[in-house]
Amino acid sequence: DDVEWVLTQSPATRQIALFSATLPAPIRRIAQKHLNNPAEVTIRQKTATADTVRQRFVIAAPHQKQAALARILEAEPVDGVIVFVKTRSTTEPLAEYLSNAGHRTAALNGDVAQKQRERIVDSFRSGKLDVLVATDVAARGLDVQRVSHVINYDLPFDSEAYVHRIGRTGRAGRSGEAILFVHPRERGLLKRLEQATRQPIEPMDVPSNRQINKQRVARFHEQITAALAHPNLEKFASILEQYQRLNPEKPAEKIAAAMAVLAHGDTPVLLTEELKQPGFVETRPARDDRRSQTGPRSSDRERPRSGGPRVRNADLEAYRIEVGHAHQVKPGNIVGAIASEAGLDSSMIGRIDIFDDHSIVALPTGMPRDIFQLLQKVWVVGRQLKICRLEDFRGHSESLADNATASEPKPPRAKKPKRKKELAKS
């Protein structure tokens with residue numbers, strides 16, 4: 001919207017050059033509208049991604065993603081891994097979670113200073129770090145040959161961003177792995193990404209307890225073998241022999257197990273609870289949703305229904321935006337603006353009710369603060385969304401109403417009518 005405004009305000013006689021890293025439909029329309037008979041050069045490719053990259057997807061609900069990621073990093077034969085997230089506010093907590101799980105991890109986002117960013121990338125390139133949790137902006141232009149896995153923890157903003165992300169692996173003739181975390185309601189997203197990459201995206205199961213525990217036992221055996229060559233082994237052996245002489249009833253294997261407990265601490269050695277992986281959920285547009293695409297009934301224009309919009313599942317909550325029928329807005333305008341700015345797939349946006357001066361839209365719960373603040377400044381059909389949670393708006397309105405009532409001057413008290421005797425005297 002800002003680009004359109006600038007171009008419409010510029011003089012008719014001008015020289016103009018437009019630069020964009022990608023060419024999605026909205027940018028293409030701007031170029032066709034404002035450039036003078038531009039020539040278009042398209043390079044046709046058999047595949048949009050390298051054949052050396054295998055693409056897979058994992059179905060995971062939002063609350064399962066951290067645990068699923070930790071299992072994948074433990075079960076897969078990884079070298080260098082880039083985990084892409086949508087917002088900078090996600091990078092630090094996720095990097096800390098993976099560090100606590102035993103991975104050498106660092107966060108990379110737009111707030112990281114350039115010198116620190118260079119140090120992080122150098123550490124990642126040299127093998128001092130194994131996992132980078134990064135946003136698209138921070139990882140732009142990152143070229144590290146040891147990247148074995150690219151994991152799309154959050155959905156990319158568009159198909160071209162997805163192609164750019166997975167292109168960080170499978171470089172210089174090496175094979176690579178690209179894994180995408182998909183919400184149970186995002187089946188349609190896979191088809192669009194397969195069309196963009198011209199390659200299939202295979203389903204993948206979250207590693208089971210048996211797979212994880214088998215690898216943990218194997219690693220523990222390797223640690224024992226390596227410790228047998230330690231220079232201090234004989235000293236510890238003499239201490240254990242002394243202990244066994246003093247405690248002959250204790251078997252040697254029990255003493256060795258006790259030493260392993262001392263070395264390992266209270267951290268559980270084996271997993272006991274399986275991570276239940278959901279399947280895709282079929283979604284059909286509700287009748288109210290279909291009606292909202294063509295505009296609500298006349299009664300809907302006058303006042304909202306009691307209770308606000310009907311959210312179809314617990315993952316959505318209602319938001320109010322300050323644009324409505326009076327501003328000639330359409331559902332597609334709202335969906336397009338929110339999807340492009342928040343990086344949401346359009347299938348994640350629920351019911352939209354459009355009224356005279358505002359609209360109500362159902363969006364995923366737990367929206368990150370930086371995305372929420374960004375959407376407040378987004379313009380649609382010449383107006384800012386000024387988005388807010390519907391509950392917050394109602395609470396604010398009720399508070400204003402209570403204050404207004406409290407500040408109103410009290411009406412004068414009516415005088416009591418005089419009694420008959422007093423009237424007679426007067």
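Which residue in β6 is the bridge partner of Val 150? In this predicted model, the bridge partner of Val 150 in β6 is Ala 178, and the legends below begin with the sheet that holds this pair.

**Figure 1. Overview of the chain in the predicted model.** The chain contains 17 helices and 13 strands, and of its 426 residues 36% are buried. Among the contacts with a separation of 6 or more, 74% are between residues that lie 24 or more positions apart. The chain exposes about 27200 Å², of which carbon and sulfur atoms supply 53%.

**Figure 2. The open sheet of seven strands.** Its strands are arranged in the order β3-β4-β2-β5-β6-β1-β7, and their pairing is parallel. The edges are taken by β3 (105-108) and β7 (202-203), and because each of these has a single partner strand, one side of each is left without a neighbour in the sheet. Strand β5 (residues 147-152) and strand β6 (residues 176-182) run parallel and are joined by four bridges, and it is between β5 and β6 that Val 150 is partnered with Ala 178.

**Figure 3. Helix α3 lying across strands of the sheet.** The helix, which spans residues 65-75, lies across β1 (53-59), β2 (80-84), β4 (131-134), β5 and β6. Relative to β6, helix α3 runs at about 160 degrees.

**Figure 4. The largest nonpolar core and the surroundings of Leu 180.** This core has 30 residues, and those with the most contacts inside it are Phe 57, Leu 108, Ile 120, Phe 124, Leu 132 and Leu 180. When its neighbours within four places in sequence are left aside, Leu 180 is in contact with Arg 56, Phe 57 and Val 58, with Asn 152 and Leu 155, and also with Tyr 162, Leu 190 and Leu 193. Phe 57 therefore appears both in the list of core residues with the most contacts and among the contacts of Leu 180.

**Figure 5. A salt bridge between strands β6 and β1.** The side chains of Glu 177 and Arg 56 meet here at 3.1 Å, N to O. Since Glu 177 lies in strand β6 and Arg 56 in strand β1, the pair ties together parts that are 121 residues apart in sequence. Both Glu 177 and Arg 56 are buried, and Arg 56 is also one of the residues in contact with Leu 180.

**Figure 6. Further salt bridges in the chain.** The count for the chain comes to 18 salt bridges. One of them joins the side chains of Arg 28 and Glu 40 at 2.8 Å, N to O; this pair links distant parts of the chain, with Arg 28 in helix α2 (residues 25-34) and Glu 40 in the loop between α2 and β1, 12 residues apart. Arg 28 counts as partly exposed, because its relative accessibility is 28%, whereas Glu 40, at 52% relative accessibility, counts as exposed. Elsewhere, Asp 79, Arg 104, Asp 130, Arg 146 and Arg 174 are linked in a network of salt bridges.

**Figure 7. The open sheet of four strands.** The strands follow the order β9-β10-β8-β13, and the pairing is antiparallel. At the edges stand β9 (352-354) and β13, each with a single partner strand, so that one side of each is left without a neighbour in the sheet. Strand β8 (residues 316-321) is largely enclosed by the rest of the structure, because five of its six residues are buried.

**Figure 8. Strand β8 and its partners, with the pair Arg 320 and Glu 322.** Strand β8 pairs with strand β10 (residues 359-364) in the antiparallel sense over six bridges, and with strand β13 (residues 388-389), also in the antiparallel sense, over two bridges. Tyr 319 has a bridge partner in each of these strands, namely Val 361 in β10 and Arg 389 in β13. The side chains of Arg 320 and Glu 322 meet in a salt bridge at 2.6 Å, N to O. Arg 320 is buried, with a relative accessible area of 10%, and Glu 322, at 18% relative accessibility, also counts as buried because the value falls under 20%.

Methods:
Residues numbered from 1 in each chain as written. Predicted model: local features only at pLDDT ≥ 70, side-chain atom pairs only at ≥ 80, totals over all residues. Heavy atoms only, no water. Pairing = 2+ DSSP bridges. Contact = heavy atoms within 4.5 Å. Axes fitted to C-alpha atoms, helices over the stretch in contact; angles between N-to-C directions. Core = buried A, V, L, I, M, F, W, Y, C linked by side-chain atoms within 4.5 Å. Buried < 20%, exposed > 50% of the residue type's maximum accessible area, 1.4 Å probe, protein only. Areas by Shrake-Rupley, 256 points an atom, 1.4 Å probe, with all protein chains shown as cover. Salt bridge = Lys/Arg side-chain N within 4 Å of Asp/Glu carboxyl O.
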